[in-house]
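Thanks for asking me to look this over. Here are my comments as numbered points, with the structure placed first so that you can follow along.

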Amino acid sequence: MHLAIRLTIMAKLILIIGGNIGNRQRNFAAARKNIEKKTGKILRISALYETAAWGNTHQPDFLNQVLVVETKKTAIEVMKQILSIEKDMGRKRHKIKNAPRLIDIDILFYDKEIYNQPELAVPHPQIQNRRFVLIPLNELMPQFKHPVLNKTINQLLLNCKDKLEVKKLY
């Protein structure tokens, strides 16, 4: 009898969750629970940060939080699961860019891999331009080197031109 052995490779997935409508903290708790259930084990969680809306500024402030997740899923599988979690939680997609949202989950990094496909861009192409992403990332992994820009998170934060205030809540 021949037994096939399947090697399971764990990947380190870095996500950011955000939202600015409804009970934001309860939405984050539900998102984290669903991520653990469907995607992988959450290893680390940043503090919660509050920031004025980026881009479309006439809306409530956003909460954001970065998660480090260990997963067996591929980046494409993770993307599909994230969209499913958002939909199950009641997120409605709008044609207006940066519209208010109940929950938003984005892949920032998937190990040090690079994807440039219509349905998936990893690392997230706007990391270096957004303090609300860089500050919680810097809290968890300041020396992580961006695989495309070849700079640490701390270096990216120091050079970020975004001036929006990012307030640490807890």
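Two residues are taken to be in contact when they have heavy atoms within 4.5 Å. Please keep in mind that this is a predicted model.

1. **Glu 50 and its surroundings.** With that cut-off, and leaving aside neighbours within four places in sequence, Glu 50 is in contact with Arg 24, Asp 61, Phe 62, Leu 63, Glu 165, Val 166, Lys 167 and Leu 169. Glu 50 sits in strand E3, which covers residues 49-51. Is Glu 50 buried or exposed? Its relative accessible area is 14%, and buried means under 20%, so Glu 50 counts as buried.

2. **Partners of Glu 50.** Two of the residues in that contact list deserve a second look. The side chain of Glu 50 makes a polar contact with the side chain of Arg 24, at 3.0 Å. The side chain of Glu 50 also meets that of Lys 167 in a salt bridge, with 3.9 Å from N to O. This salt bridge links distant parts of the chain, with Lys 167 in strand E8 (residues 166-168) and Glu 50 in strand E3, 117 residues apart. While Glu 50 is buried at 14%, Lys 167 is partly exposed, with a relative accessibility of 37%.

3. **Salt bridges overall.** How many salt bridges does the model hold? The count comes to four. Among them is the bridge between Asp 88 and Lys 38, whose closest N and O atoms are 3.2 Å apart. Here too the pair links distant parts of the chain: Asp 88 belongs to helix H2 and Lys 38 to helix H1 (residues 24-38), with their positions 50 residues apart. Asp 88 is exposed, at 56% relative accessible area, and Lys 38 is partly exposed, at 25%.

4. **Arg 101.** Another salt bridge joins the side chains of Arg 101 and Asp 104, at 3.2 Å from N to O, and both of these residues are buried. Salt bridges with shared partners also tie Arg 24, Glu 50 and Lys 167 into one network. Returning to Arg 101, its relative accessible area is 12%. Arg 101 is placed in the loop between helix H2 (75-88) and strand E5 (104-110). Apart from neighbours within four places in sequence, Arg 101 has contacts with Gly 19, Asn 20, Ile 21, Phe 62 and Arg 91. Phe 62 appears in the contact lists of both Arg 101 and Glu 50.

5. **Two loops, seen through Gly 55 and Ala 99.** Gly 55 lies in the loop between E3 and strand E4 (62-71), and Ala 99 lies in the loop between H2 and E5. Gly 55 is exposed, with 55% relative accessible area, whereas Ala 99 is buried, at 8%. What is the C-alpha to C-alpha separation of Ala 99 and Gly 55? These two are 44 residues apart in sequence and 9.0 Å apart in space. By contrast, the C-alpha atoms of Gly 55 and Glu 77 are separated by 29 Å, with their positions 22 residues apart along the chain.

6. **Aromatic pairs.** There are two aromatic pairs in the structure. In one of them, the rings of Tyr 110 and Tyr 115 have centres 6.2 Å apart and planes at 80°, so the pair is edge-to-face. Tyr 110 is buried, with a relative accessible area of 6%, and Tyr 115 is buried too, at 17%.

7. **Helix H3.** How many of the ten residues of H3 are buried? Eight of them are, and the helix is mostly covered. The buried residues are Phe 132, Val 133, Leu 134, Ile 135, Pro 136, Leu 137, Asn 138 and Leu 140.

8. **A nonpolar patch.** On the surface, Ile 114, Val 148 and Leu 149 form a nonpolar patch with about 250 Å² of accessible area together. Leu 149 is found in the loop between helix H3 (131-140) and helix H4 (153-159). With a relative accessibility of 35%, Leu 149 counts as partly exposed.

Methods: Residues numbered from 1 in each chain as written. Predicted model: local features only at pLDDT ≥ 70, side-chain atom pairs only at ≥ 80, totals over all residues. Heavy atoms only, no water. Helix = DSSP H or I, 4+ residues; strand = E, 2+ residues; numbered from the N terminus. Buried < 20%, exposed > 50% of the residue type's maximum accessible area, 1.4 Å probe, protein only. Patch = residues over 30% accessible without salt bridge, like charges linked within 9 Å, V, L, I, M, F, W, Y side chains within 5 Å. Areas by Shrake-Rupley, 256 points an atom, 1.4 Å probe, with all protein chains shown as cover. Polar contact = N/O pair within 3.5 Å; in protein donor to acceptor, adjacent residues only side chain to side chain. Phe/Tyr/Trp six-rings, centres within 6.5 Å; stacked < 30°, edge-to-face > 60°.
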